[in-house]
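Ready for a few short exercises? Take a look at the structure below, then try each task before you read its solution.

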Amino acid sequence: MLLCNWAATAAPTAPDYGEIELSPPELYEEALAYLYGIEGKHRNRANAIYRLKKAAKADYAPAHNLLGSLYLERNGLFPSPRKALSHFEQAAQLGDPIGQYNAAYSYFAGRGTKKDIQAAEDRFLSIIDPDAAWQISPESFGAARHARASSNFLLGVIYADEDEARQDQEKATRMFHAADELGHPTASMFLAFRYARGDGAEQDQEKSSHFLERYKTASLNHLHNSYSQAYFQGMDRDEIQEVVNSMVQSYEDEMSKRVVQMQFSLAVSLLDEEEIYSPEQAYVWLKPIATEDHPGACIRLARLYYRGEGVAQDKAKAREILELGAKTYSMARYNLAVMLLEGEGGPVEPQRGKALMEKASIESWYPAHHYLAGLGNPVFLTSAEALKLVEAEANKNNPQAVYCLGRRYTFGIAVDRDFEKARSLILQAGELGNAPARYFYGVYMANDVSFFGKSEEDKAIQEAAEANHPPAIHHLGTNLEAAGKKDQALEAYRRAAAMGHASSINKIGTFYRAGKAVEKNLETAFEHFQQAARAGDAIGFLNLGFAYEKGEGTQADPKKAYECYEEATRKGAYYGPVALGNLLASGQLGEPAWEEAIPHWQEAAGDRMKEAFLRLGDCYRDGLGVKQNFTLAASNYQAANNLYYYGDAEATYRLNSLLLIEDNPNYDPQKALNQLRVQEFGGTHPLARYQLALMNLDGIGLKANPRKAFRKLLATATLLGEELREGLGEQFEQRYSQETELSKANPPFGNGVDHKRSAAIDSCYRISQLIFASQIKKVQPADGLPWLRIAAEKGHAAAQLELGKLYLAGNYTTQDSDVGWDWIMRSSGNLPAAQHFVGSHYFSQQLDRIDELQAVALLRAAARAGHQESADLLRKHGYQLTEDDAEDLQPENQKEGQDDGFDHPIDIDMA
């Protein structure tokens with residue numbers, strides 16, 4: 001830092017090693033290289049800033065702009081919005097439109113100066129002035145266009161502001177149009193709203209829809225080109241295209257959801273705001289989005305059909321649509337219950353109607369409670385009408401109404417959020433004797449901490465539990481369980497479950513599954529999960545799905561597991577999409593469906609689920625369902641790591657392991673070695689020693705050492721737990737002490753692929769190979785057989801092949817060709833070496849277990865996996881490879897005449 005300061009001040013008199021000969025643009029380019037670590041330069045902010053200051057002193061406008069940005073970003077400079085504005089203004093004085101825009105925005109936002117809308121307006125107007133003689137270089141053309149687009153947009157914001165004296169809605173609309181023509185996504189969104197509401201333009205449903213679609217397209221184009229620019233350095237065109245397309249595809253799905261939400265918001269405003277009330281236009285917005293995925297739209301569309309607003313009255317249609325919304329929303333359940341009880345739009349269904357009404361009441365939808373308490377007849381209500389009812393009853397000190405009104409102000413349901421008002425109402429309801437209000441206050445509002453006795457939160461929850469409020473009793477159970485008081489926790493769960501509390505029923509199931517405070521009983525656990533699921537508990541559906549997937553307490557049924565995971569997802573269980581993806585990828589529903597699994601993991605990643613990021617990273621690492629891409633693999637692992645303040649051990653381990661893949665451009669075994677050693681010594685990840693063992697075996701990053709590898713593999717094998725002791729028998733005592741800790745059973749919901757178990761099984765296989773090869777002193781080769789058998793029995797394909805060969809030859813065991821071929825056939829399901837072994841033995845007349853078609857199929861499978869000997873054997877016996885096989889066997893480099901998938905230039909103008 002001192003050196004950098006000295007260089008900056010001493011430059012006029014001290015030699016600067018030839019840099020004086022560089023032109024300002026060349027200095028600027030070198031600064032970029034040092035700033036971002038490109039073109040063979042290492043990142044060095046001091047060198048970058050020194051060159052930028054020299055270029056700026058020579059009146060080079062881009063240098064002023066970048067220095068201004070650095071002062072705002074705290075990137076190598078002390079943060080100073082005032083200095084940033086100074087550089088932007090100097091760039092503007094040099095005729096640079098980017099500097100003029102940056103300065104204008106500073107005045108608009110009050111950044112580095114007092115907010116001055118007039119100064120901002122003048123500068124924005126000068127940028128869009130067609131007669132202005134701005135100096136625009138080819139390199140800055142895209143950024144200049146973006147500056148013009150944003151200037152038009154912000155002028156629209158200024159003219160649309162009703163608090164501004166210059167307010168002019170028609171002028172604002174014109175500005176938004178100009179910004180939209182230049183590709184500004186938010187301008188398109190504003191125009192969609194303005195035409196829908198008639199702000200500064202005549203209401204026009206068709207134009208509103210048009211601009212909503214433009215908003216989605218412009219957003220995707222903007223994102224695509226921004227990513228393309230960001231990834232240009234150091235990547236070839238194919239890799240750029242792949243990375244960008246993957247990111248844009250994920251964003252496109254999100255954009256579709258956002259557009260649907262905007263359509264819904266527009267429809268709500270058209271129904272709830274009297275000055276723009278238009279049920280006809282609201283109907284057009286709602287009809288295409290009123291599906292099970294958008295229950296809010298179902299509720300509003302049902303209202304239009306029920307009352308004949310904006311569409312012909314059709315109560316049967318209203319009832320049909322409410323069936324979709326009632327799966328999620330209490331308001332839909334209530335209105336559907338009204339129709340079922342009154343026989344509107346279909347037959348009378350009193351039993352189901354009452355059940356729906358009771359459920360809505362439990363969920364604190366006040367109109368349902370109002371009817372069940374005998375305070376009035378059930379009538380179909382809109383959201384506004386429901387609010388009026390609850391307000392009227394709250395004014396009469398009705399405890400349930402006061403509580404429900406407090407919840408509305410807490411979450412902003414049809415009212416503006418107001419925490420203080422909500423707190424007052426919830427406390428009032430509690431004082432009036434409402435137990436749910438006491439519990440709600442304890443969970444959501446009490447925030448004191450007490451080191452002497454119970455806190456305010458504890459007292460509120462305890463009072464609610466004493467008043468027999470099931471969620472409060474369940475809450476006490478979770479506290480007791482966390483404190484290790486399992487018997488008392490189970491008692492609390494049983495008490496709440498007796499009142500029908502679904503989450504408590506599910507909890508009791510987990511106790512029976514784990515044998516916690518009761519004798520382990522998977523059948524009883526399964527029954528509880530069924531009960532919880534029938535009561536609508538999302539986690540109950542997850543656990544039920546897991547029981548079906550693993551066959552715990554019931555017969556394994558992957559299809560039923562899939563249905564349970566789907567229902568859990570619909571009910572809002574964040575882990576649901578992870579479980580769906582894991583099941584699809586497992587192959588239990590047929591072939592492993594990686595391409596179908598990936599969207600589920602992407603959905604879960606949107607909810608910041610760690611395992612989803614890890615699974616996506618694995619897919620890009622191994623090329624499963626997507627093209628192999630180490631950049632995106634690392635990006636997903638890093639996203640998982642960033643979820644936690646101190647990082648995540650599993651994500652860190654996978655990032656380290658990624659550095660050991662030779663095809664990875666960032667291959668760095670020495671860096672991986674150092675970081676894995678940290679994880680091993682710190683005990684933060686049990687597989688760090690396994691990865692180090694592999695490095696010891698192959699001499700990667702350190703000297704090959706079979707003895708060290710052997711010790712680390714022995715430690716990793718303990719992750720099999722008691723299965724290891726059972727498999728080794730007497731040998732366990734020879735290799736491990738009595739104090740050896742064996743791994744505990746993994747929880748039901750962990751990684752879809754149990755990497756720890758897989759590593760332990762592979763360790764057993766590798767231990768057997770080291771022993772057979774006589775690389776471990778004082779150990780007889782025959783001692784490797786139990787290790788190999790464990791791995792084979794646990795599904796390790798290579799171990800199955802080797803064990804089969806031992807039986808065929810009678811090595812270390814009794815010769816038995818039938819048993820040997822049984823093991824080899826098991827391994828031929830997915831191991832190319834085994835497929836070749838079986839196929840080649842058929843053609844050498846040594847195998848009669850299969851026919852010629854089966855032999856050819858196995859050899860083809862091995863050939864498709866790149867096993868060249870299998871391909872040669874097929875040709876030798878007169879079998880031509882199919883077109884698909886030939887394609888798979890060709891090198892990965894591009895074939896002559898093949899489209900490289902990058903058939904259009906990146907639009908620099910949109911960057």
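Three exercises on this predicted model follow, each with a worked solution.

**Exercise 1**

Place Leu673 in its helix, decide whether Leu673 is buried or exposed, and find its contacts beyond the neighbours within four places in sequence.

Solution. Begin with the helix: Leu673 belongs to α35, which covers residues 669-682. Next, turn to accessibility. The cut-off for buried is under 20% relative accessible area; Leu673 has 2%, so Leu673 counts as buried. Then look for contacts. With neighbours within four places in sequence set aside, Leu673 touches Leu692, Met695, Gly701 and Leu702. Finally, check a distance: Ile700 is 27 residues apart from Leu673 along the chain, and their C-alpha atoms are separated by 8.8 Å.

**Exercise 2**

Find the loop that holds Ser364, then describe its phi and its accessibility.

Solution. First, locate the residue: Ser364 sits in the loop between α17 (350-362) and α18 (366-372). Now consider the backbone. Most residues other than glycine have a negative phi. Ser364 is not a glycine, yet its phi is positive, at about 70°. Last, its relative accessibility is 14%, so Ser364 counts as buried.

**Exercise 3**

Do the same kind of search for Asn397: which loop, what phi, and what accessibility?

Solution. Start with the loop: Asn397 lies between α19 (383-394) and α20 (399-411). Its phi is near 65°, a positive value in a residue other than glycine. To finish, compare its accessibility with the cut-offs: partly exposed falls between 20% and 50%. Asn397 has 43% relative accessibility and therefore counts as partly exposed.

Methods
Residues are numbered from 1 along each chain as its sequence is written. This is a predicted model: local features need pLDDT of at least 70, side-chain atom pairs count only at pLDDT 80 or more; totals for chains, interfaces and linings use all residues. Side-chain values use heavy atoms; hydrogens and water are left out. Helices (H or I, at least four residues) and strands (E, at least two) are DSSP runs, numbered from the N terminus. Buried means under 20% relative accessible area, exposed over 50%, partly exposed in between (1.4 Å probe, protein chains only). Contact means heavy atoms within 4.5 Å.
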